[in-house]
Amino acid sequence: MRSSVILAGALTATTLLAQNRERGQVAFENRCGKCHGSDGNGGELGPRITFRLTKRTDGQLATLVRTGIPARNMPPTKLGDDEMALLITFLRSIQRLPESKPVERRTILTIEGKKIEGQIVGEGFDDLQLRTDDKRVHLLRRAGNRYREVTSETAWPTYDGGPDGNRYTKLTQINKGNVSRLGPKWMFSIPNGGRMEVTPVVVDGIMYVTVANECYALDAGSGREIWHYIISARGTGSPGSIAAREWRAVASSWTQRMRTSSRSIALMESCCGRPKSRMRG
Ligand code: HEC
(Lines give C-alpha, C1' and ligand atoms only; values in the text may rest on other atoms or scores of the structure.)
Protein backbone atom coordinates (compact mmCIF):
# COMPACT_ATOMS: atom_id res chain seq x y z
CA MET A 1 0.00 0.00 0.00
CA ARG A 2 2.72 2.38 1.04
CA SER A 3 4.71 1.83 -2.15
CA SER A 4 1.73 2.66 -4.34
CA VAL A 5 1.30 5.96 -2.48
CA ILE A 6 4.93 6.84 -3.12
CA LEU A 7 4.52 5.86 -6.74
CA ALA A 8 1.50 8.12 -7.08
CA GLY A 9 3.47 10.96 -5.48
CA ALA A 10 6.39 10.47 -7.82
CA LEU A 11 4.07 10.32 -10.78
CA THR A 12 2.45 13.61 -9.85
CA ALA A 13 5.86 15.30 -9.47
CA THR A 14 6.98 14.01 -12.87
CA THR A 15 3.79 15.14 -14.54
CA LEU A 16 4.11 18.54 -12.90
CA LEU A 17 7.69 18.88 -14.13
CA ALA A 18 6.63 17.90 -17.64
CA GLN A 19 3.82 20.44 -17.52
CA ASN A 20 6.16 23.15 -16.26
CA ARG A 21 8.63 22.28 -18.97
CA GLU A 22 5.91 22.62 -21.60
CA ARG A 23 4.79 25.97 -20.22
CA GLY A 24 8.44 27.05 -20.09
CA GLN A 25 8.82 25.98 -23.69
CA VAL A 26 5.94 28.22 -24.69
CA ALA A 27 7.60 31.13 -22.87
CA PHE A 28 10.88 30.34 -24.62
CA GLU A 29 9.31 30.08 -28.06
CA ASN A 30 7.49 33.38 -27.59
CA ARG A 31 10.33 35.37 -26.11
CA CYS A 32 13.61 33.80 -27.17
CA GLY A 33 12.87 31.43 -30.04
CA LYS A 34 12.89 34.00 -32.82
CA CYS A 35 16.60 34.50 -32.16
CA HIS A 36 17.82 31.27 -30.57
CA GLY A 37 15.54 28.85 -32.44
CA SER A 38 12.63 27.03 -30.78
CA ASP A 39 15.00 24.39 -29.35
CA GLY A 40 17.87 26.75 -28.40
CA ASN A 41 20.08 25.45 -31.19
CA GLY A 42 20.50 28.87 -32.71
CA GLY A 43 18.84 30.90 -35.41
CA GLU A 44 19.60 33.82 -37.66
CA LEU A 45 19.65 36.41 -34.90
CA GLY A 46 21.13 34.50 -31.99
CA PRO A 47 23.65 31.75 -31.28
CA ARG A 48 23.10 28.22 -30.05
CA ILE A 49 22.81 28.49 -26.27
CA THR A 50 22.49 24.84 -25.18
CA PHE A 51 26.23 24.62 -24.34
CA ARG A 52 26.28 27.97 -22.54
CA LEU A 53 23.59 27.26 -19.97
CA THR A 54 25.45 24.93 -17.59
CA LYS A 55 27.89 27.72 -16.76
CA ARG A 56 25.21 29.81 -15.11
CA THR A 57 23.16 29.34 -11.94
CA ASP A 58 19.39 29.90 -12.05
CA GLY A 59 19.91 33.36 -10.51
CA GLN A 60 22.50 34.26 -13.15
CA LEU A 61 20.19 33.10 -15.94
CA ALA A 62 17.36 35.22 -14.55
CA THR A 63 19.69 38.25 -14.43
CA LEU A 64 20.87 37.56 -17.98
CA VAL A 65 17.28 37.38 -19.27
CA ARG A 66 16.24 40.55 -17.42
CA THR A 67 19.34 42.56 -18.37
CA GLY A 68 19.94 41.14 -21.85
CA ILE A 69 23.24 41.90 -23.55
CA PRO A 70 22.12 45.08 -25.31
CA ALA A 71 25.50 45.88 -26.83
CA ARG A 72 25.51 42.49 -28.53
CA ASN A 73 21.92 42.46 -29.74
CA MET A 74 20.26 40.48 -27.00
CA PRO A 75 17.43 42.67 -25.62
CA PRO A 76 16.30 42.60 -21.99
CA THR A 77 13.11 40.59 -21.37
CA LYS A 78 10.70 41.54 -18.58
CA LEU A 79 9.34 38.41 -16.89
CA GLY A 80 7.55 37.83 -13.59
CA ASP A 81 9.05 35.34 -11.13
CA ASP A 82 6.58 32.58 -12.03
CA GLU A 83 7.15 32.72 -15.75
CA MET A 84 10.90 33.03 -15.16
CA ALA A 85 10.86 29.82 -13.10
CA LEU A 86 9.04 28.01 -15.94
CA LEU A 87 11.46 29.38 -18.51
CA ILE A 88 14.42 28.19 -16.44
CA THR A 89 12.87 24.71 -16.08
CA PHE A 90 12.78 24.56 -19.88
CA LEU A 91 16.34 25.93 -20.25
CA ARG A 92 17.62 23.24 -17.87
CA SER A 93 15.96 20.59 -20.03
CA ILE A 94 17.83 21.70 -23.18
CA GLN A 95 21.24 22.40 -21.64
CA ARG A 96 24.14 20.20 -22.73
CA LEU A 97 27.69 19.83 -21.51
CA PRO A 98 30.24 20.64 -24.21
CA GLU A 99 31.34 17.44 -25.94
CA SER A 100 34.87 16.46 -25.07
CA LYS A 101 36.90 15.01 -27.89
CA PRO A 102 38.73 11.74 -27.31
CA VAL A 103 42.50 12.17 -27.04
CA GLU A 104 44.32 10.76 -30.06
CA ARG A 105 48.12 10.57 -30.34
CA ARG A 106 50.31 10.10 -33.39
CA THR A 107 53.98 9.86 -34.27
CA ILE A 108 55.07 11.36 -37.57
CA LEU A 109 58.34 11.68 -39.47
CA THR A 110 59.40 15.06 -40.87
CA ILE A 111 61.13 15.39 -44.25
CA GLU A 112 64.38 15.92 -42.33
CA GLY A 113 63.84 12.54 -40.64
CA LYS A 114 62.89 13.96 -37.23
CA LYS A 115 60.25 12.07 -35.22
CA ILE A 116 57.48 14.13 -33.63
CA GLU A 117 55.07 12.46 -31.23
CA GLY A 118 52.10 14.24 -29.79
CA GLN A 119 48.40 14.70 -29.37
CA ILE A 120 46.38 15.55 -32.47
CA VAL A 121 44.72 18.93 -32.06
CA GLY A 122 43.55 19.29 -35.63
CA GLU A 123 43.80 17.46 -38.90
CA GLY A 124 42.80 18.08 -42.48
CA PHE A 125 43.60 16.53 -45.83
CA ASP A 126 47.14 17.93 -45.97
CA ASP A 127 47.61 19.75 -42.70
CA LEU A 128 48.08 18.39 -39.19
CA GLN A 129 48.49 20.10 -35.82
CA LEU A 130 50.25 18.12 -33.08
CA ARG A 131 50.84 19.13 -29.46
CA THR A 132 53.97 17.55 -28.04
CA ASP A 133 54.40 16.86 -24.33
CA ASP A 134 56.57 19.99 -23.92
CA LYS A 135 53.31 21.87 -24.70
CA ARG A 136 54.43 23.10 -28.12
CA VAL A 137 52.04 23.01 -31.03
CA HIS A 138 53.66 21.84 -34.27
CA LEU A 139 52.05 22.91 -37.54
CA LEU A 140 52.64 20.25 -40.17
CA ARG A 141 51.96 19.86 -43.89
CA ARG A 142 51.79 16.50 -45.58
CA ALA A 143 54.65 15.76 -47.98
CA GLY A 144 54.11 12.25 -49.30
CA ASN A 145 54.16 10.00 -46.25
CA ARG A 146 56.24 12.51 -44.27
CA TYR A 147 55.50 15.99 -42.99
CA ARG A 148 56.96 19.46 -43.38
CA GLU A 149 56.96 21.66 -40.28
CA VAL A 150 55.83 25.26 -40.87
CA THR A 151 55.85 28.47 -38.88
CA SER A 152 55.56 32.22 -39.62
CA GLU A 153 58.33 33.79 -41.70
CA THR A 154 57.64 37.08 -40.01
CA ALA A 155 55.52 37.39 -36.90
CA TRP A 156 52.91 40.03 -36.14
CA PRO A 157 53.18 39.76 -32.38
CA THR A 158 51.10 42.73 -31.23
CA TYR A 159 48.05 44.75 -32.21
CA ASP A 160 50.32 47.27 -33.94
CA GLY A 161 52.50 44.68 -35.60
CA GLY A 162 55.56 44.97 -33.38
CA PRO A 163 57.14 46.84 -30.51
CA ASP A 164 57.81 49.84 -32.76
CA GLY A 165 54.09 49.99 -33.48
CA ASN A 166 54.28 51.16 -37.10
CA ARG A 167 51.89 48.50 -38.46
CA TYR A 168 54.28 47.78 -41.30
CA THR A 169 55.21 44.25 -42.29
CA LYS A 170 58.60 43.28 -43.67
CA LEU A 171 57.06 40.55 -45.82
CA THR A 172 57.76 41.17 -49.50
CA GLN A 173 55.73 38.51 -51.34
CA ILE A 174 52.71 40.78 -51.62
CA ASN A 175 53.55 44.00 -53.42
CA LYS A 176 51.97 46.76 -55.53
CA GLY A 177 52.22 44.59 -58.62
CA ASN A 178 50.32 41.57 -57.35
CA VAL A 179 48.04 42.87 -54.62
CA SER A 180 45.12 43.16 -57.04
CA ARG A 181 45.34 39.44 -57.79
CA LEU A 182 44.99 38.22 -54.19
CA GLY A 183 42.28 35.66 -53.49
CA PRO A 184 41.06 34.04 -50.27
CA LYS A 185 43.04 30.98 -49.15
CA TRP A 186 40.84 29.97 -46.26
CA MET A 187 37.91 31.29 -44.32
CA PHE A 188 37.08 30.78 -40.65
CA SER A 189 33.63 31.85 -39.47
CA ILE A 190 33.45 33.00 -35.90
CA PRO A 191 30.10 32.09 -34.39
CA ASN A 192 28.49 35.06 -32.61
CA GLY A 193 31.31 37.28 -33.84
CA GLY A 194 28.96 40.23 -34.06
CA ARG A 195 30.75 43.44 -34.85
CA MET A 196 34.46 42.66 -34.73
CA GLU A 197 37.20 45.20 -34.28
CA VAL A 198 40.24 43.05 -34.03
CA THR A 199 43.74 42.69 -35.39
CA PRO A 200 44.79 39.04 -35.50
CA VAL A 201 48.18 38.42 -33.93
CA VAL A 202 50.51 35.82 -35.47
CA VAL A 203 53.36 34.14 -33.59
CA ASP A 204 55.10 30.87 -34.52
CA GLY A 205 52.57 30.31 -37.30
CA ILE A 206 49.60 30.48 -34.94
CA MET A 207 47.02 33.20 -35.40
CA TYR A 208 45.16 34.50 -32.34
CA VAL A 209 41.79 36.13 -32.97
CA THR A 210 39.66 37.65 -30.24
CA VAL A 211 36.00 38.50 -29.97
CA ALA A 212 34.33 39.63 -26.77
CA ASN A 213 35.35 37.16 -24.05
CA GLU A 214 36.59 34.61 -26.53
CA CYS A 215 39.91 33.81 -28.13
CA TYR A 216 40.60 31.48 -31.05
CA ALA A 217 44.02 30.06 -31.94
CA LEU A 218 44.21 29.04 -35.60
CA ASP A 219 46.85 27.51 -37.83
CA ALA A 220 47.58 30.67 -39.85
CA GLY A 221 48.38 28.69 -42.98
CA SER A 222 45.29 26.49 -43.10
CA GLY A 223 42.79 28.31 -40.90
CA ARG A 224 42.23 25.19 -38.80
CA GLU A 225 41.22 25.75 -35.18
CA ILE A 226 43.78 24.71 -32.56
CA TRP A 227 41.87 25.88 -29.51
CA HIS A 228 39.04 28.14 -28.51
CA TYR A 229 38.70 29.70 -25.10
CA ILE A 230 35.58 31.30 -23.63
CA ILE A 231 35.92 33.36 -20.51
CA SER A 232 32.84 32.83 -18.38
CA ALA A 233 31.16 35.79 -16.84
CA ARG A 234 31.46 35.34 -13.11
CA GLY A 235 29.20 36.47 -10.32
CA THR A 236 25.70 37.72 -10.67
CA GLY A 237 26.64 41.10 -12.11
CA SER A 238 25.34 42.18 -15.46
CA PRO A 239 26.57 39.66 -18.02
CA GLY A 240 26.82 42.45 -20.57
CA SER A 241 29.38 44.23 -18.45
CA ILE A 242 32.08 41.93 -19.71
CA ALA A 243 30.51 40.51 -22.84
CA ALA A 244 29.87 43.92 -24.35
CA ARG A 245 33.50 44.88 -24.72
CA GLU A 246 35.37 44.66 -27.97
CA TRP A 247 38.53 42.66 -27.51
CA ARG A 248 40.99 44.17 -29.88
CA ALA A 249 43.78 41.62 -29.84
CA VAL A 250 45.99 39.41 -27.78
CA ALA A 251 49.45 40.58 -26.89
CA SER A 252 52.30 38.16 -26.81
CA SER A 253 55.53 37.91 -24.94
CA TRP A 254 57.59 34.84 -25.44
CA THR A 255 55.22 31.94 -25.17
CA GLN A 256 52.53 33.68 -23.22
CA ARG A 257 49.63 35.58 -24.65
CA MET A 258 47.66 38.18 -22.86
CA ARG A 259 44.12 38.91 -23.81
CA THR A 260 42.86 42.26 -22.81
CA SER A 261 39.65 44.11 -22.51
CA SER A 262 39.21 47.35 -20.68
CA ARG A 263 38.31 45.47 -17.51
CA SER A 264 40.16 42.24 -17.62
CA ILE A 265 43.48 40.73 -18.61
CA ALA A 266 44.10 37.02 -18.87
CA LEU A 267 47.47 35.37 -19.24
CA MET A 268 47.08 32.35 -21.47
CA GLU A 269 49.13 29.30 -22.29
CA SER A 270 49.69 29.42 -26.04
CA CYS A 271 49.66 25.65 -26.39
CA CYS A 272 46.26 24.91 -24.98
CA GLY A 273 44.21 28.03 -24.47
CA ARG A 274 44.14 27.60 -20.72
CA PRO A 275 44.38 30.73 -18.64
CA LYS A 276 47.35 30.88 -16.26
CA SER A 277 46.02 33.80 -14.32
CA ARG A 278 43.49 36.51 -14.65
CA MET A 279 43.36 40.07 -13.41
CA ARG A 280 40.26 42.16 -13.23
CA GLY A 281 40.23 45.92 -13.18
C1 HEC B 1 16.74 39.67 -30.51
C2 HEC B 1 17.42 38.40 -30.37
C3 HEC B 1 17.48 37.74 -29.02
C4 HEC B 1 16.46 37.44 -28.16
C5 HEC B 1 15.00 37.79 -28.29
C6 HEC B 1 17.07 36.70 -27.07
N7 HEC B 1 18.42 36.59 -27.26
FE8 HEC B 1 19.71 35.56 -26.08
N9 HEC B 1 21.26 36.19 -27.22
C10 HEC B 1 21.14 36.90 -28.40
C11 HEC B 1 22.45 37.13 -28.95
C12 HEC B 1 22.78 37.87 -30.21
C13 HEC B 1 23.36 36.52 -28.04
C14 HEC B 1 24.88 36.45 -28.17
C15 HEC B 1 25.52 37.58 -27.43
C16 HEC B 1 27.03 37.40 -27.57
O17 HEC B 1 27.54 37.86 -28.58
O18 HEC B 1 27.63 36.79 -26.70
C19 HEC B 1 22.57 35.93 -26.99
C20 HEC B 1 23.11 35.20 -25.94
C21 HEC B 1 22.35 34.45 -25.06
C22 HEC B 1 22.89 33.53 -24.09
C23 HEC B 1 24.36 33.18 -23.89
C24 HEC B 1 25.02 34.12 -22.96
C25 HEC B 1 26.45 33.68 -22.68
O26 HEC B 1 26.65 33.00 -21.70
O27 HEC B 1 27.32 33.97 -23.49
C28 HEC B 1 21.83 32.98 -23.42
C29 HEC B 1 21.90 31.95 -22.29
C30 HEC B 1 20.64 33.59 -23.94
N31 HEC B 1 21.01 34.46 -24.95
C32 HEC B 1 19.37 33.29 -23.52
C33 HEC B 1 18.23 33.94 -23.98
C34 HEC B 1 16.93 33.72 -23.44
C35 HEC B 1 16.58 32.74 -22.34
C36 HEC B 1 16.08 34.54 -24.13
C37 HEC B 1 14.61 34.72 -23.95
C38 HEC B 1 14.16 35.20 -22.66
C39 HEC B 1 16.87 35.27 -25.10
N40 HEC B 1 18.17 34.87 -24.97
C41 HEC B 1 16.35 36.18 -26.01
C42 HEC B 1 19.97 37.33 -28.99
C43 HEC B 1 18.72 37.21 -28.44
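What follows is a chat between a student and a tutor about this predicted model.

Student: Before we start, how are residues numbered, and what pLDDT do local features need?
Tutor: Residues are numbered from 1 along each chain as its sequence is written. This is a predicted model, where totals for chains, interfaces and linings use all residues, side-chain atom pairs count only at pLDDT 80 or more, and local features need pLDDT of at least 70.

Student: How many helices and strands does the protein chain have?
Tutor: Helices (H or I, at least four residues) and strands (E, at least two) are DSSP runs, numbered from the N terminus. Going by that, the protein chain comes to five helices and 13 strands.

Student: What share of the protein chain's residues count as buried?
Tutor: A residue is buried if 20 or more other C-beta atoms lie within 10 Å of its own, exposed if 12 or fewer, and partly exposed in between, with C-beta atoms placed from the backbone. Over the 281 residues of the protein chain, the buried share is 24%.

Student: Which residues of helix 3 are buried, and why do they line one face?
Tutor: Helix 3 covers residues 58-67, and L61, L64 and V65 are its buried residues. An α-helix has 3.6 residues a turn, so residues three or four places apart point the same way. Looking down the axis of helix 3, the buried residues line one face because they fall within an arc (taken from the directions from the helix axis to the C-beta atoms) of 95°.

Student: Which helix helps cover those buried residues of helix 3?
Tutor: Contact here goes by C-beta atoms, placed from the backbone, that lie within 7 Å. What covers the buried residues of helix 3 includes residues 81-94, which make up helix 4.

Student: And which residue just after helix 3 takes a positive phi?
Tutor: Look just past the end of helix 3, where phi is positive at about 70°. The residue there is G68.

Student: What is the strand order in the open sheet of five strands, and which strands are at its edges?
Tutor: Two strands pair if DSSP finds at least two bridges between them. Pairing in this open sheet is antiparallel, and the order is 1-2-3-4-5. Each edge strand pairs on one side only, and these are strand 1 (105-109) and strand 5 (146-150).

Student: Which turn residue between strand 4 and strand 5 has a positive phi?
Tutor: Strand 4 and strand 5 run antiparallel, joined by five bridges. A143 stands opposite R146 in strand 5. The two strands form a hairpin with two residues between them, and the turn residue with a positive phi, about 70°, is G144.

Student: Now the open sheet of four strands: why do strand 6 and strand 9 each have a side without a neighbour?
Tutor: The order of this sheet is 6-7-8-9, with antiparallel pairing. Each of the edge strands has a single partner strand, so one side of each is left without a neighbour in the sheet; they are strand 6 (201-203) and strand 9 (225-230).

Student: Which residue in strand 9 is the bridge partner of Y216?
Tutor: Strand 8 (residues 214-219) pairs with strand 9 in the antiparallel sense over five bridges. They form a hairpin with five residues between them, and G223 in the turn has a positive phi of about 80°. Across the pair, the bridge partner of Y216 is H228.

Student: Is V209 buried or exposed?
Tutor: V209 sits in strand 7. Leaving aside neighbours within four places in sequence, V209 is in contact with I190, V198, P200, Y216 and L218. There are 22 other C-beta atoms within 10 Å of V209, so V209 is buried.

Student: Which strand gives the most to the largest nonpolar core, and why does that core lie between two domains?
Tutor: A nonpolar core is a set of buried Ala, Val, Leu, Ile, Met, Phe, Trp, Tyr and Cys residues joined through C-beta atoms within 7 Å. The largest has 21 residues, and among those touching the most other members are V202, Y208 and A217. It lies between domain 2 (101-150) and domain 3 (151-280) because both give residues to this core, with domain bounds coming from an automatic or database domain assignment. With four residues, the strand that gives the most to this core is strand 7.

Methods: Two residues are in contact if their C-beta atoms, placed from the backbone, lie within 7 Å.
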